[in-house]
Amino acid sequence: MYKVIGKPMTRTFRVLWALEELGVPYALDPASPQSDAVRAYNPSGKVPVLLEDGEIITDSVAIITYLADKHGGLTAPTGSLARAKQDAITNMVIDEMDALLWTAARHSFALPEEHRVPEIKPSLRWEFGRSVARIEGRMTGDFVAGDSFTIADILLTHCLNWARGAKFDVNSERLVSYGKRMRARPAFQRTASLAK
Ligand SMILES: N[C@@H](CCC(=O)N[C@@H](CS)C(=O)NCC(=O)O)C(=O)O
């Protein structure tokens, strides 16, 4: 059985949501970032970590891509044009949302205090607004990549929720109502109950 290491309220949420969508059983160790339990598997101390038969996989995008490919769900097939487009959206969400939110978090609490530059935050908020418009511009249907739910939706919805918590505006009716639809999914609801 898979073991997922990481507090559900972190990027670990992405992995748990993917497993819930796929209907694959797992065990959860809700360890904190930088704890000994995490460092034993990932020297950087970062979560999430996935354990499978003694093998260690780190990084949320790598983990959910692996799970989707292995279990044949939540993704276009490897080697297809649809997959290339899905991967492009995945990279866009990571570059243009995750990176900005994480930089804001680092300069709010994650970096040692003497290395924080809080003045960067208005610039990050402005850039995030531009990312929202760009991603909205790529959406043509109910999902962010293609015509069915994929791991790109997990990443985008996670970043939209993170933005809410970090007080980064999502000035897009389309993305706000998309976020509501994604959060209404039963697998999301089950995952959210783990994060309480
Ligand atoms: N690219 C990695 C980033 C992992 C990451 O930074 N996780 C955060 C929690 S959401 C963490 O463990 N931070 C602790 C630290 O940076 O020291 C992923 O997507 O899994």
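User: Which side-chain atom of Ser 60 is an oxygen atom of the ligand 2.6 Å from, by element?
Analyst: An N or O atom in the Ser 60 side chain, in this predicted model. That is a polar contact (a pair of N or O atoms within 3.5 Å).

User: How much of the ligand does the protein cover?
Analyst: 78% of the 510 Å² of accessible area that the ligand has on its own. Accessible areas come from the Shrake-Rupley method with a 1.4 Å probe.

User: And the ligand's nitrogen atoms, what are they next to?
Analyst: A ligand nitrogen is 2.8 Å from a polar backbone atom of Val 47. For Asp 59, a polar side-chain atom lies 3.1 Å from a ligand nitrogen.

User: Which residues are around the ligand?
Analyst: Among them are Thr 10, Arg 11, Arg 14, Lys 46 and Trp 102. Being near takes a heavy atom within 4 Å.

User: Any caveats?
Analyst: The model is predicted, so local features need pLDDT of at least 70 and side-chain atom pairs 80 or more, while totals for chains, interfaces and linings use all residues. Residues are numbered from 1 along each chain as its sequence is written, and side-chain values use heavy atoms, without hydrogens and water.

User: Switching topic, what are the domain bounds?
Analyst: Domain 1 is 2-74 and domain 2 is 81-185, from an automatic or database domain assignment.

User: How many residues does each put into the contact?
Analyst: Domain 1 gives 14 residues and domain 2 gives 18, with contact meaning heavy atoms within 4.5 Å.

Methods
A polar contact is a pair of N or O atoms within 3.5 Å; within protein, one must be able to donate a hydrogen and the other to accept it, and residues adjacent in sequence count only if both atoms are side-chain atoms.
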